[in-house]
Amino acid sequence: MTGVLDILAAEYPQLYLNPDADTQETYRRVVLQGGALEAGSLGHYVGDQHDRMETADTPAGPVHVVTLSSRRDFELVLRGLMAAKNGPKAMIPESQGAAMLTVFNWPRIHAHLAQFSPEEQTAEFRRFTSVKKNYLDMLVVLSRGPYSGVSAEAVGCSEEEWLARSDTIRRYHELTHVICRQLYPDDIDVVRDELIADAVGLFAAYGCFDPEKEKLFLGIRDGQYIGGRLVNYTDDPEKTAGSVCDELERIQAVVKVHNEMEPFELIHVLMKENKYRQFSELCSNR
């Protein structure tokens, strides 16, 4: 068993439960009530020496990032972390390679309360948990594999190089979502946000933004939707594809002007562009 999953389960004990065997009621007792586990095992995971855990410094503050090499482990971890809300049987779409989660940290609560007498703990629990950052963690969980399911051949590089670049794109993409949710909580546009996140990821991986690569990710060819990620963000990808292509050209122009910036700095530039803020309206009116 790799140390990453051991460390992760120590912070989030629900990972000792098995989504294929344990009930939502059990998850709710552990996650929502801080209930103790009678016994814990990580035997349902595969584990891999290439698994990674880090704390990324971002403009929105530090974010814990976990990368899991095994697709099975990635899906089990997501199902386990979301089981109290969605149920352990909820399946993870094959096209999903990353997730941004807000997770209860009961070990931190218990460690804090242990500093107080039993008579003080009830009042201190209320005080401590009145501040969400005391017990809620922002966690990014990443899988490994070709980004958006696009092959190395399609992007014109070796398998090893594409896997490394895919890791970079995926990491920066998901962290961009975290930054946008923290710094722009009232400005959400699903399609636009995906384009910006991919733009930051591509810039981090290549030092530029190539609209043609982004079209591969979204499933667009010659301005037409042919099947790909775009359908995850709009009910009418065929209608939206044209507006997306227009926006990709604008993003490329902005990135070219600001190519001396660090990847995360691009977020603020792109978010300030009014044309991106109204992207959903542009698509509906096209």
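Okay, a term before the pictures: when I say strand or helix, I mean a DSSP run, at least two residues for a strand and at least four for a helix, numbered from the N terminus. And keep in mind that this is a predicted model.

Let's start with the sheet. It's an open one, four strands, and the order across it is E1-E2-E4-E3, with mixed pairing. So who sits at the edges? That would be E1, residues 52-58, and E3; each has a single partner strand, so one side of each has no neighbour in the sheet. As for twist, neighbouring strands are turned by 30° against each other on average, ignoring direction.

Now look at E2 and E4. These two run parallel, and five bridges join them. If you want one to click on, take Leu68: its bridge partner in E4 is Ser143.

Next, the helix to keep an eye on, H7. It lies across E1, E2, E3 and E4, and it runs at about 155° to E4. You'll meet H7 again in both of the pockets I want to show you.

First pocket. The largest one has a volume of about 790 Å³. There are 31 residues lining it, and the closest to its centre are Ser95, Gln96, Gly97, Ala98 and Tyr233. Which elements give two or more residues to that lining? Strand E3, which is 98-104, helix H7, 159-183, and helix H8, 190-206. H7 gives the most, with five residues. By class, the lining comes out as eleven nonpolar, eleven polar and nine charged residues.

Second pocket. The second largest has a volume of about 390 Å³. This one is lined by 14 residues, and nearest its centre you'll find Lys133, Leu136, Asp137, Met138 and Gln182. Where does the lining come from? Strand E2, at 61-68, strand E4, at 136-143, and H7 each supply at least two residues. Here E2 gives the most, with four residues. The class split for this lining is six nonpolar, four polar and four charged.

So, to pull the threads together: E2 and E4, the parallel pair, both feed the lining of the second largest pocket. E3, one of the edge strands, contributes to the lining of the largest pocket instead. And H7, the helix lying across the four strands, supplies residues to the largest pocket and to the second largest.

That's my tour; happy to rotate things if anyone wants another look.

How values were computed. Residues are numbered from 1 along each chain as its sequence is written. This is a predicted model: local features need pLDDT of at least 70, side-chain atom pairs count only at pLDDT 80 or more; totals for chains, interfaces and linings use all residues. Side-chain values use heavy atoms; hydrogens and water are left out. On a 1 Å grid over the protein atoms alone, a cavity is a set of points where a 1.4 Å probe fits but cannot get out, and a pocket is an open set with protein on both sides within 12 Å along at least five of seven lines; lining residues have an atom within 4 Å of a point. Grid points are joined across faces, edges and corners, and a volume is the space filled by probe spheres set on the points. Ala, Val, Leu, Ile, Met, Phe, Trp, Tyr, Cys and Pro count as nonpolar, Asp, Glu, Lys and Arg as charged, and the others, Gly among them, as polar. Two strands pair if DSSP finds at least two bridges between them. Axes are lines fitted to C-alpha atoms, for helices over the stretch in contact, and angles run from 0 to 180 degrees between N-to-C directions. Contact means heavy atoms within 4.5 Å.
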